[in-house]
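Ready for a little structure reading at the bench? Open the viewer, keep the sequence at hand, and try each exercise before you look at its solution.

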Amino acid sequence: MRVLVVGCGDVGQRLLRLVPPGVQMLVLAREPERLAAWRASGVRLLRGDLDDPASLRRLAGLADAVVHLAPPPGQGEGDPRTAALLAALARGRAPRAFVYVSTTGVYGDWGGARIDETAVRRAQTARALRRVDAEERLRVWARERSVRLSLLRAPGIYAADREGHPRERLLAGRPLLRAEDDVFTNHIQADDLARACWRALFLGKPLRAVNVVDDSERRMGEHFDLAAARLGLPRAPRISRAEASVQMTPMQLSFLSESRRIGNQRLKRELRLRLRYPLPELGW
């Protein structure tokens, strides 16, 4: 079996560590030299850039399965990177399985309500709309070619050794919303996400979305207060939403404009994943 990983950053490299003997892993990278150490493990590194479609020609018919972890560009209305990847793959034999890591941001704001994968997507931000575009392109392509597509919708990804750990925000003293203005937040530990990717290659149902989230149901302030207690750091200051509109950047505010509690029953029932880190404090 040959598996192609597109976008081999932190989660992709965690995925490589899970692969059993007998599976040939191929990695597409703009700078394969950065991943040279993986060659000793039998990983084949391919030079290619999703922003340069001509560099992707060699991907046609190369893999039996694909794990697509590359994000869309940081601007624009759609995801030309996914479009370029699918155009390259369409030139040859289609893979049997395809896993795409999307975002729970496609759901938009649900006012703190509990939702699952049947919820209507209400994407509000430009970055979430680009993910919706990628999902739709993938659905059409997979349906036309009978590819078993899994759309894994992930929230905030964390790990003790990963950039973006709560300690960074706490040490910086960045404020959070006061309790009456606060939003629910969702998380997944990076190793659990990598395990979900691997299991979806074999257990994912065709054209199926799966929320890859842990079991926590907390507001953002509660999440960071718990982190502060665990790490022995001061709690973040709290401000009103009106104050936040003045002090925070549009990007920071966008994360405070959506509130939802996301169910993970498909993850457990269909992918049969037992979370190693069901709560964030177990993975910090």
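The exercises below concern a predicted model, and each comes with a worked solution.

**Exercise 1. Work out the strand order of the open sheet of seven strands, and find which strands stand at its edges.**

Solution.
- Step 1: Trace the sheet from one side to the other; the order reads 3-2-1-4-5-7-12, and the pairing is parallel.
- Step 2: Look at the two ends. Strand 3 (44-47) and strand 12 each have a single partner strand, so one side of each has no neighbour in the sheet.
- Step 3: Check the twist. On average, neighbouring strands of this sheet are turned by 20° against each other, direction ignored.
- Step 4: Zoom in on one pair. Strand 1 (residues 2-6) and strand 2 (residues 24-29) run parallel and are joined by five bridges. One residue to pick out is V5, whose bridge partner in strand 2 is V27.
- Step 5: Add the helices. Helix 2 packs on the sheet and touches strand 1, strand 4 (65-68) and strand 5, with its direction at about 175° to that of strand 5. Helix 5 (residues 190-203) lies across strand 1, strand 4, strand 5 and strand 7, and runs at about 160° to strand 7.

**Exercise 2. Compare the span of helix 3 with the expected value, then find what its buried residues pack against.**

Solution.
- Step 1: Helix 3 covers residues 126-145, which is 20 residues.
- Step 2: From first C-alpha to last, helix 3 reaches 29 Å, close to the 28 Å expected at 1.5 Å a residue.
- Step 3: List buried positions; among them are A128, V132, A134, L138 and W141.
- Step 4: Follow the buried residues outward. They pack against helix 2 (80-89), strand 5 (97-103), strand 7 (148-154) and strand 12 (208-211).
- Step 5: Cross-check from the other side. T82 is found in helix 2, and its contacts beyond four places in sequence are H68, Y100, A134 and L138.
- Step 6: T82 has 0% relative accessibility, so it counts as buried. Its side chain makes a polar contact with the side chain of D79 at 2.5 Å.
- Step 7: Just after helix 3 comes S146, with a positive phi near 55°.

**Exercise 3. Is R260 buried or exposed, and which backbone oxygens does its side chain reach?**

Solution.
- Step 1: Locate R260 in the loop between helix 8 (250-254) and strand 15 (261-262).
- Step 2: The relative accessible area of R260 is 9%; the cut-off for buried is under 20%, so R260 is buried.
- Step 3: The R260 side chain reaches the backbone oxygen of T104 at 3.5 Å. A polar atom of that side chain also lies 2.4 Å from the backbone oxygen of G108.
- Step 4: Leaving aside neighbours within four places in sequence, the contacts of R260 include Y107, W110, I115, F184 and N186.

**Exercise 4. Explain why C8 and C197 do not form a disulfide.**

Solution.
- Step 1: Count first: the structure holds zero disulfides.
- Step 2: The cysteine sulfur closest to that of C8 belongs to C197, and it is 11 Å away, too far for a bond. A disulfide would need the sulfur atoms within 2.5 Å.
- Step 3: Start from C197 instead, and the closest cysteine sulfur is that of C8, again at 11 Å.
- Step 4: Note the surroundings: C8 is buried at 4% relative accessibility, and C197 is buried at 1%.

Notes: Residues are numbered from 1 along each chain as its sequence is written. This is a predicted model: local features need pLDDT of at least 70, side-chain atom pairs count only at pLDDT 80 or more; totals for chains, interfaces and linings use all residues. Side-chain values use heavy atoms; hydrogens and water are left out. Helices (H or I, at least four residues) and strands (E, at least two) are DSSP runs, numbered from the N terminus. The expected span of a helix is 1.5 Å times one less than its number of residues. Buried means under 20% relative accessible area, exposed over 50%, partly exposed in between (1.4 Å probe, protein chains only). Contact means heavy atoms within 4.5 Å. A polar contact is a pair of N or O atoms within 3.5 Å; within protein, one must be able to donate a hydrogen and the other to accept it, and residues adjacent in sequence count only if both atoms are side-chain atoms. Two strands pair if DSSP finds at least two bridges between them. Axes are lines fitted to C-alpha atoms, for helices over the stretch in contact, and angles run from 0 to 180 degrees between N-to-C directions.
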